[in-house]
Amino acid sequence: MAEHIGDSLKKFINKSRLKNGVRAVQIEELWEEIMGKTIARYTEKIEIINSTLFIRTYVGPLKQELLYQKIKIMERVNEAMGETVIKEVVIQ
């Protein structure tokens, strides 16, 4: 039975190291929707390493605000992704 190319790609990505990179791109695309325009504007970088979401910002007050919202960020991202992708959030 022939497999749809989209299904084949999903299987390949899930088995490869690309999975976290693809998810990070998906989260970046949804970041403004998840966290709002202001936070998205001052977020420098988002990456995932071993179920940990790393968020980088150079704005001190924003860094403090994000530190207080770590659990909420994790919940919102997982909800937006439709599965438990993030188990920890690190603010840098």
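The side chain of T43 comes within 2.6 Å of the backbone oxygen of I39, and that is a good place to start our walk. T43 also forms a polar contact, side chain to side chain, with W31 at 3.0 Å; such a contact is a pair of N or O atoms within 3.5 Å, where, within protein, one must be able to donate a hydrogen and the other to accept it, and residues adjacent in sequence count only if both atoms are side-chain atoms. Before going on, please note that this is a predicted model, in which local features need pLDDT of at least 70 and side-chain atom pairs count only at pLDDT 80 or more, while totals for chains, interfaces and linings use all residues. Residues are numbered from 1 along each chain as its sequence is written, and side-chain values use heavy atoms, with hydrogens and water left out.

T43 lies in the loop between helix 3 (37–41) and strand 1 (45–49); helices (H or I, at least four residues) and strands (E, at least two) are DSSP runs, numbered from the N terminus. With a relative accessible area of 13%, T43 is buried, because buried means under 20%, exposed over 50% and partly exposed in between (1.4 Å probe, protein chains only). Apart from residues up to four places away in sequence, T43 touches W31, I55, R56 and T57, where contact means heavy atoms within 4.5 Å.

Next comes the sheet. This open sheet has three strands in the order 1-2-3, with mixed pairing. Strand 1 and strand 3 stand at the edges with a single partner strand each, so one side of each has no neighbour in the sheet. Two strands pair if DSSP finds at least two bridges between them. Strand 1 and strand 2 are antiparallel, over five bridges, and K45 has R56 in strand 2 as its bridge partner. Strand 2 and strand 3, by contrast, run parallel over four bridges, with T52 opposite E88 in strand 3. On strand 3, V89 and I91 form the covered face, whereas E88 and V90 form the uncovered one.

Finally, let us look at the core. The largest nonpolar core has 19 residues, of which I27, W31, L53, I73 and V77 touch the most other members; a nonpolar core is a set of buried Ala, Val, Leu, Ile, Met, Phe, Trp, Tyr and Cys residues joined through side-chain atoms within 4.5 Å. Helix 2 contributes the most to this core, with five residues. Leaving aside neighbours within four places in sequence, I73 is in contact with W31, M35, L53, I55, L66 and V89.
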